[in-house]
Amino acid sequence: MLLRELSEASGVSGHEDAVRQLILDAIKDLVDEHRVDTLGNLIALKKGTGQARRKASSSRRKVMLAAHMDEIGLMIVHLEKEGSLRFRPVGGIDPRVLLAKKVLIGDDSVPGVIGVKPIHLLEPKAREQVIPVNEMSIDIGTSSKEEAERLVRLGDYAVFDATFGELGGELRTVKGKAFDDRAGCAVLIELLRDTYAFDLYAVFTVQEEVGLRGARVAAHAIAPDVAFVLEGTVCDDIPKKRDISPTTTLGGGPAITLMDRSVIADRRLVEILVNTAEKNDIPYQFKQPGLGGTDAGAIHLSREGVPSAVVSVPSRNIHSPACVLSLNDLENTVHLMHKTLARIHEVDLNW
Amino acid sequence: MKEIIKELTEAFGASGSEHGVRERIRQRMAGRADEIRVDPLGNLIAFKKRKPKKGVQARRIMLAAHMDEIGVMISHVDEKGFLRFTRIGGVRPLSLLGSRVVFADGTIGIIGREKPEKRDEFPSLDKMFIDVGAVDKEHLTRKVGDVAVFMRPFSDLGQRLTAKAFDDRIGCAILVQTAEELETTPHDVYFVFTVQEEVGLRGALTSAFGVEPEVAIAVDVTTTGDTPEAHPMAVSLGAGPAIKVKDGGMLAHPGVKSWMADTAERLGLPHQFEVLEGGTTDAMAIQTSRAGIAAGVISIPCRYVHTPSEMVDYDDVQNAVKLLVGLLSGPADI
Amino acid sequence: MQLKEFLKHLSEAKGVSGYEVNVREVVRDEFAKYADDIRVDTMGNLIALKRGEAAPDSPGRSIMLAGHMDEIGLVVTKLEKGFLRFSTVGGFDLRVLPGQEVTVHGQQDLPGIIGMRPPHVLTQEERKKVVPLDHLFIDVGMSEEEVAKLVRVGDVISLQRTFTELANGLVAGKAFDDRAAVACIAGCLQHLSTMRHSWDVHAVATVQEEVGLKGALTSAFGIAPDIGIAIDVGHGNMMGVSEVDTVSVGGGPAIGFGPNIHPRIYSRLIETAKSYEISHQTDPIPGRSGTDAWAIQVTREGIPTGLISIPLRYMHTTVETLSLKDLERIGRLLALFIAGLDEAFAQELGLGDAQA
């Protein structure tokens with residue numbers, strides 16, 4: 001399964017090379033042109049067929065689909081005299097998820113563990129306290145700085161060492177790291193198997209997790225008329241005492257964004273997504289408004305503005321080594337996007 | 001002009017849902033501009049072409065006022081039909097408690113709160129909800145994504161006016177009135193009514209890229225220091241439009257600042273200088289568009305900003321129009 | 001001019017963000033010695049162009065060097081009984097303000113003092129707290145009437161501090177962040193005047209970095225260089241701060257690495273430093289660098305960007321401290337890096353064919 005390879009590949013923001021190569025191999029025969037820009041975005045063009053039944057004006061539209069290749073991770077910032085490694089997070093990591101995890105460091109995937117002082121040695125009060133990242137270190141087994149330097153360089157990136165696996169069940173759940181946003185990458189690759197009337201720019205972006213940096217320059221270069229961002233998004237559907245939003249629900253279908261901290265989704269695009277889902281009996285849900293941000297935040301503000309929407313695959317335990325998603329949701333996301341893109345010419349982009 | 005102010009402040013237009021405001025402005029600007037268009041994000045751009053004037057170098061000047069207002073969006077409908085919500089822009093719990101909100105279709109909602117753990121504890125937004133009076137979930141017509149704004153009519157207090165959304169419909173009204181009073185101008189003037197200011201100056205960013213002005217003036221509200229025990233600030237209601245020096249997001253171009261101050265003095269218009277410690281305006285986004293734009297702000301002093309009852313002084317508003325007409329009639333050599 | 005002399009001039013010049021007129025002239029005088037063309041853009045950035053000698057068949061390439069010349073400062077918010085209330089321009093540490101000498105840039109420049117209530121009249125509780133901004137005021141020693149004539153709301157205020165030499169080639173003063181970088185760029189231009197280079201060099205003293213990287217954003221858009229290098233300051237080793245979070249003062253240029261930096265620019269800088277035996281250090285930056293490099297990298301369709309930091313102690317105070325030796329090394333490293341730029345390197349960066 002491509003999702004397995006995508007999930008297990010290392011691609012922390014700023015060093016997405018391995019993921020990019022994997023995707024390039026998967027799409028190069030499906031697109032007409034591709035290039036890698038100077039930040040590292042993979043930009044592929046699938047030219048429109050512009051069949052006669054489509055209106056000429058709308059077939060000339062440029063549609064940008066974006067999914068980010070990068071994942072959150074760690075950067076080695078200091079080698080201690082005793083041979084352990086000090087690190088800082090790249091992107092938003094909850095420090096509580098880091099303790100006692102395995103990591104892989106650098107291009108040679110040097111294994112290490114994030115150690116933790118045993119509970120036996122802690123004062124009762126300390127057991128309840130969150131350990132900040134700057135008090136943690138990675139143990140790679142070396143006992144001096146010189147020894148560590150032979151395996152690791154300052155600035156090396158590290159990722160969670162996590163294997164992809166199938167959990168099964170009706171929802172066909174799978175677990176692994178970096179579903180944010182390798183799930184979106186998988187959807188986008190799948191969409192490239194079909195042909196479209198318009199020019200489709202598939203962009204696998206870099207550096208989303210450190211500030212939507214890749215999407216910003218890619219959108220400027222492409223100057224699209226419409227954009228869709230494909231994401232893996234927060235799912236908080238575990239049981240709770242309060243009757244509050246689960247953000248998204250696993251198995252509830254593709255999650256459509258109305259508003260998050262980075263964008264207010266274009267209502268016309270939301271409408272056609274909803275309408276297409278209902279017409280084709282594809283389950284869908286709205287993501288809880290007001291949370292998170294995606295590449296759409298950068299894309300919709302590019303140049304004179306780009307009408308943009310976000311469609312996501314719900315994923316539990318996002319930004320952890322063990323995300324969980326439903327393959328049904330992933331397939332329904334492909335299905336919904338596919339059906340929507342087939343009638344995107346129906347959207348009137350004049351206000 | 002009060003009629004325009006009443007119409008615009010009472011219109012519904014939270015960030016991202018500016019349609020109603022845009023259509024009212026579009027009607028009022030018709031005939032006052034040579035060309036009107038709406039850009040991909042929804043900004044209304046009305047262009048008034050220059051009439052060359054001897055000795056005056058023509059400039060491309062962008063005026064910006066934002067159409068959107070702060071509001072709330074439904075984020076969850078619970079089993080009993082109560083609505084949880086998130087904010088659109090800088091809505092504060094303090095201003096919501098006890099007030100009413102109204103949805104685009106006129107549905108009225110009451111803001112309720114969970115029982116506080118301590119008696120005088122002030123609730124955060126996630127402890128509040130909207131009650132639209134539905135007897136049960138089956139009879140509820142609201143859904144996740146629906147948007148509401150403060151419900152409050154415009155009131156004319158004589159010298160002072162009060163309404164919701166003076167931020168920044170008063171700026172919109174000033175631009176419309178300026179277009180009315182400005183018969184000719186030696187400059188190419190773009191009256192830009194922007195969207196989504198309250199969620200991050202988004203419309204200004206894209207419209208400035210499209211318009212590519214040399215000089216830009218945002219017209220927006222600023223807070224004042226003239227109420228009991230207010231934060232120390234020199235701006236007060238009735239002392240004239242405020243010429244911005246600095247706010248939380250930008251430093252006004254010193255040349256634009258002097259151009260405004262000199263013009264106000266030449267015309268004998270009252271004015272004041274403004275240093276605002278928090279908050280910013282569309283000018284921040286416009287200033288750094290492309291290779292940089294000389295940007296400044298004319299601020300309308302406004303009390304109780306981001307509450308359902310904002311207050312401005314009518315003379316300040318009219319003097320802002322006069323100042324803008326003066327600025328656009330003469331040279332703009334920054 | 002000697003590096004030390006130039007740094008002293010820069011440091012003592014006035015130039016609060018948005019009001020860089022005075023320091024810009026100091027920079028202009030120095031850059032003009034080496035530049036083919038100098039201009040000031042709408043925002044106030046000073047842009048000096050030193051042309052390269054491109055081979056006839058190669059596309060014209062250019063590099064932008066950015067160091068910001070603005071400094072943090074204060075601004076008058078209100079006049080009260082002859083005293084001035086003020087707010088900050090840029091990120092000030094309120095703790096360093098009491099007792100500082102300032103210059104108020106009113107109708108004329110006025111010397112002033114940042115005053116506070118004497119400890120004798122305060123309660124024990126009050127003395128333990130940092131003096132909040134609204135309890136501080138500036139005293140220009142004049143009557144209410146005189147002040148009203150000379151000072152207006154919105155007038156900017158700069159801090160006053162003379163340049164000081166410490167032992168071991170260290171110097172202390174204000175606004176080394178980031179005028180020391182401007183001195184490094186001048187050093188680079190001086191070196192280049194005796195070297196051959198094929199790429200055009202845009203030496204930019206940027207404005208308004210301290211209020212949001214604004215000068216870099218707009219100047220990079222206007223210049224549209226093929227690559228950009230920002231020179232800024234980084235926290236140097238000092239008492240009470242972990243060495244995990246600092247670089248070594250006197251340890252040479254701190255060469256940035258991370259998402260904000262093109263990996264090939266990083267490695268080329270390291271290779272250059274190694275081959276010319278210039279002491280240097282790696283500065284891993286896991287995300288937002290908070291420097292002009294952050295703005296330059298995402299300009300237009302993206303610009304391969306590098307970052308060199310000057311190790312500096314006590315950032316954003318009036319006693320910023322650094323090693324002159326580090327500045328000399330950075331100027332030399334930049335010049336050698338630029339002299340080595342060729343079309344093969346451009347292709348390695350993924351630049352494709354140059355724009356016309």
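**Exercise 1. In this predicted model, how many residues does each chain give to the contact between chain B and chain A? Then work out what the chain B side is made of.**

Step 1. Start with the two sides: chain B puts in 23 residues, and chain A puts in 18.

Step 2. Now look for the elements on the chain B side. Those giving two or more residues are β4 (71-77), β5 (83-88) and α5 (202-211) of chain B.

Step 3. Which element has the largest share? That's α5(B), with five residues.

Step 4. Sort the chain B side by class, and you get eight nonpolar, 10 polar and five charged residues.

**Exercise 2. Do the same for the contact between chain A and chain C: how many residues come from each chain, and which elements of chain A take part?**

Step 1. Here chain A supplies 25 residues and chain C supplies 19.

Step 2. On the side of chain A that touches chain C, the elements with two or more residues are β4 (73-79), β5 (85-90) and α6 (213-222) of chain A.

Step 3. The largest share on that side is again easy to name: α6(A) gives five residues.

Step 4. By class, this side of chain A has 11 nonpolar, nine polar and five charged residues.

**Exercise 3. Find the open sheet of eight strands in chain B and say which strands stand at its edges.**

Step 1. Walk across the sheet strand by strand. The order is β1-β2-β12-β3-β13-β16-β14-β15 (chain B), and the pairing is mixed.

Step 2. Check the ends. β1 (35-38) and β15 of chain B each have a single partner strand, so one side of each has no neighbour in the sheet.

Step 3. Going from one strand to the next, the twist averages 25°.

Step 4. Zoom in on β14 (residues 242-246) of chain B. Is this strand mostly covered or mostly open? It's mostly covered, with five of its five residues buried.

Step 5. Strand β14(B) runs parallel to β15 (residues 272-275) of chain B, and four bridges join the two. In β15(B), B:Glu274 is the residue opposite B:Lys244.

Step 6. Add the helices that lie across the sheet strands. α4(B) lies across β2 (44-48), β3 (60-66), β12 (188-194), β13 (215-222) and β16 (294-301) of chain B, at about 135° to β13(B). α5(B) lies across β2, β3, β12 and β13 of chain B, at about 155° to β12(B).

**Exercise 4. Describe how α4 and α8 of chain B cross, and list the residues that meet.**

Step 1. Two packed helices are described by the angle between their axes and the distance between the axes.

Step 2. For α4 (residues 166-181) and α8 (residues 314-329) of chain B, the axes come within 9 Å and cross at roughly 50°.

Step 3. α4(B) and α8(B) are therefore oblique to each other, and their crossing is right-handed.

Step 4. From α4(B), the residues are B:Ile170, B:Ile174, B:Gln177, B:Thr178 and B:Glu181; they meet B:Val317, B:Ala320, B:Val321, B:Leu324 and B:Val325 of α8(B). Sorted by class, this contact has seven nonpolar, two polar and one charged.

**Exercise 5. Now try α5 and α9 of chain A: how do these helices cross?**

Step 1. The axes of α5 (residues 179-191) and α9 (residues 327-342) of chain A come within 10 Å, crossing at roughly 45°.

Step 2. That makes α5(A) oblique to α9(A), and the crossing is right-handed.

Step 3. Among the residues of α5(A) in this contact are A:Ala183 and A:Glu190, while α9(A) brings residues including A:Leu330 and A:His338. The classes are seven nonpolar, two polar and one charged.

Note on methods: Residues are numbered from 1 along each chain as its sequence is written. Chains are lettered from A and ligands numbered from 1 in the order in which they are written. This is a predicted model: local features need pLDDT of at least 70, side-chain atom pairs count only at pLDDT 80 or more; totals for chains, interfaces and linings use all residues. Axes are lines fitted to C-alpha atoms, for helices over the stretch in contact, and angles run from 0 to 180 degrees between N-to-C directions. Angles under 35 degrees count as roughly parallel, over 145 as roughly antiparallel, 65 to 115 as roughly perpendicular and the rest as oblique. A crossing is left-handed if the near helix is turned anticlockwise from the far one by less than a right angle, and right-handed if clockwise. Two residues are in contact if their C-beta atoms, placed from the backbone, lie within 7 Å. Ala, Val, Leu, Ile, Met, Phe, Trp, Tyr, Cys and Pro count as nonpolar, Asp, Glu, Lys and Arg as charged, and the others, Gly among them, as polar. A residue is buried if 20 or more other C-beta atoms lie within 10 Å of its own, exposed if 12 or fewer, and partly exposed in between; C-beta atoms are placed from the backbone. Two strands pair if DSSP finds at least two bridges between them.
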